[in-house]
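Reader: I'm new to reading protein models, and I'd like to go through one with you. Can we take it a question at a time?

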Amino acid sequence: MSSSSRMEAFFSSLVAPITPKTSQNINKRGQSIYIPDTMAHWPWPRSINPNYEVCMAESNVWLKTFDVFTPKAQAAFSRCEFGLLASLGYPKLNKDGCRVACDLMNLFFVFDEKSDLSGEHETRYQADCIMDALRNPHKLRPEGEWIGGRVTQEFWQNAIKTASESCQRRFVASFQRYTDAVVQQSLDRTHSHIRDINSYFLLRRETIGTLPSFALIELHYNIPDHVMKHPTIEYLTELCTDMISIGNDLYSYNTEQARGDEGHNLVTVVMVELDIPLQEAYDWIGHLHDDLVRDFLAEYTNFPSFPDESETVNREIREYADGLGNWVRTNERWSFEGGRYFGTDGLSILKSRTVALLPKKNIAAGSIFKA
């Protein structure tokens, strides 16, 4: 059975929504959200690249040269610590690789924030600028083009100095899927379209951006395509993607609902499809994540070997799978350690699991970007 077929069967077998006591108590107050501890039994510990501080500083200085954000937005960007995300996500990369990873996380932010404020046609233009820059890294960028094209080009010019051919190929292909999905997300937003759970996951597996992120795990590897396409590897990758998507949606929902952009979030999707209140949706999603954890760990213990391949390839594919597990932990730690979702309260919220529901606020389109 293919990984997608197995996931479809998995979702169709989910139990009915659960209503634990924490849900009942918090819903009575109506002012707080209890975030399920989805990582309580995850065996991968927090790990960070030793080049973290140097590479994050260099990458932030690099991004500032493009003069993308307003001063207020630049300050908000700095608080997010995307270099921390990269350094947690790739603890074993050398300094050159860590710098590439930091630049990629900054590029993700530029496109993510700009597309969140754009309709589908503008987002399509942004996506085309990015993909043209990836496919033509030495081409002179057109005058007046959206700045993301040049950001992408400089990121990729540096990345291809160190990335293996197979990494480059898979990265570009997965980034095309990612940008196409973000365009679809913009279309959904324009039409206020809320997907059902199954169709949401089909799109979210692309918009989350994990596949190009996972490509950097193999930055210096040469893993053959048939190894990467083994059903177990594809299934582990998909499970990891779903867990990261769930975690991101649980952590980001509060800030997204405050600015009125919660349509592309599993919390909203579950509330609408199952007709349940906010806390029950959080609890239901936490239960789903627990099932994904069990499935991932069971599959991981049956990891395949490739006797026709070299010891190096077998080692690299195992390190790739280990990197997947690390990324699930990374998503949790950065979400609470960085300031993107919880400001300076992240570590205390990580312990209490409770966060106050933010009031709604208006965000003026284009207000954070200079260009």
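Reader: Okay, which residues line the largest cavity?

Author: Before we start, keep in mind that this is a predicted model. The largest cavity has a volume of about 40 Å³, and the count comes to one cavity of 30 Å³ or more. Its lining is made up of Thr 38, Met 39, Met 243, Ile 244, Gly 247, Tyr 251, His 289, Val 328 and Asn 331.

Reader: And which helix gives the most to the lining of that largest cavity?

Author: Two helices each put at least two residues into the lining: helix 13 (231–258) and helix 16 (311–337). The top contributor, with four residues, is helix 13.

Reader: Let's zoom out. How much of the protein counts as buried?

Author: The secondary structure comes to 17 helices and two strands. The protein exposes about 16000 Å², and carbon and sulfur atoms supply 52% of that. Of the 371 residues, the share that counts as buried is 57%.

Reader: Which residues have the most contacts inside the largest nonpolar core?

Author: In soluble globular proteins, nonpolar side chains tend to be buried together. Here the largest nonpolar core has 108 residues. Inside that core, the ones with the most contacts are Phe 155 and Phe 175.

Reader: What is Phe 155 in contact with, leaving aside its neighbours within four places in sequence?

Author: Across the protein, among contacts between residues at least 6 apart in sequence, 78% join residues at least 24 apart. For Phe 155, with those close neighbours left aside, the partners are Trp 62, Val 100, Asp 103, Leu 104, Leu 107, Leu 134 and Phe 171.

Reader: Now helix 10. How many of its residues are buried?

Author: Helix 10 covers residues 197–207 and is mostly covered. The buried ones are Ile 197, Tyr 200, Phe 201, Leu 203, Arg 204, Arg 205, Glu 206 and Thr 207. Out of eleven residues, that makes eight.

Reader: What phi does Gly 209 take, just after helix 10?

Author: Gly 209 sits just after the end of helix 10. Its phi is positive, at about 80 degrees.

Reader: Glu 206 was on your buried list. Which residue does its side chain meet in a salt bridge?

Author: The two side chains come to 2.5 Å, N to O. Glu 206 lies in helix 10 and its partner in helix 9 (residues 165–190), so the pair ties together parts that are 29 residues apart in sequence. Glu 206 is buried, with a relative accessible area of 17%, whereas the partner counts as partly exposed at 44%. That partner is Arg 177.

Reader: In the salt bridge between Arg 259 and Asp 261, is Asp 261 buried or exposed?

Author: The closest N and O atoms of this pair are 3.9 Å apart. Arg 259 is partly exposed, with a relative accessible area of 28%. The cut-off for buried is under 20%, and Asp 261 has 14%, so Asp 261 is buried.

Reader: How far apart, N to O, are Lys 139 and Asp 132 in their salt bridge?

Author: Lys 139 is partly exposed, at 37% relative accessible area. Asp 132 is partly exposed too, at 23%. Their side chains meet in a salt bridge with an N to O distance of 2.9 Å.

Reader: Last one: how many salt bridges does a search of the whole structure find?

Author: Some salt bridges link up into a network, like the one with Glu 165, Arg 169, Arg 170, Glu 218 and Asp 225. Over the whole structure, the search finds 31.

Note on methods: Residues are numbered from 1 along each chain as its sequence is written. This is a predicted model: local features need pLDDT of at least 70, side-chain atom pairs count only at pLDDT 80 or more; totals for chains, interfaces and linings use all residues. Side-chain values use heavy atoms; hydrogens and water are left out. Buried means under 20% relative accessible area, exposed over 50%, partly exposed in between (1.4 Å probe, protein chains only). A nonpolar core is a set of buried Ala, Val, Leu, Ile, Met, Phe, Trp, Tyr and Cys residues joined through side-chain atoms within 4.5 Å. Contact means heavy atoms within 4.5 Å. A salt bridge is a side-chain nitrogen of Lys or Arg within 4 Å of a carboxyl oxygen of Asp or Glu. Accessible areas come from the Shrake-Rupley method with a 1.4 Å probe; for residues, only the protein chains shown count as cover. On a 1 Å grid over the protein atoms alone, a cavity is a set of points where a 1.4 Å probe fits but cannot get out, and a pocket is an open set with protein on both sides within 12 Å along at least five of seven lines; lining residues have an atom within 4 Å of a point. Grid points are joined across faces, edges and corners, and a volume is the space filled by probe spheres set on the points.
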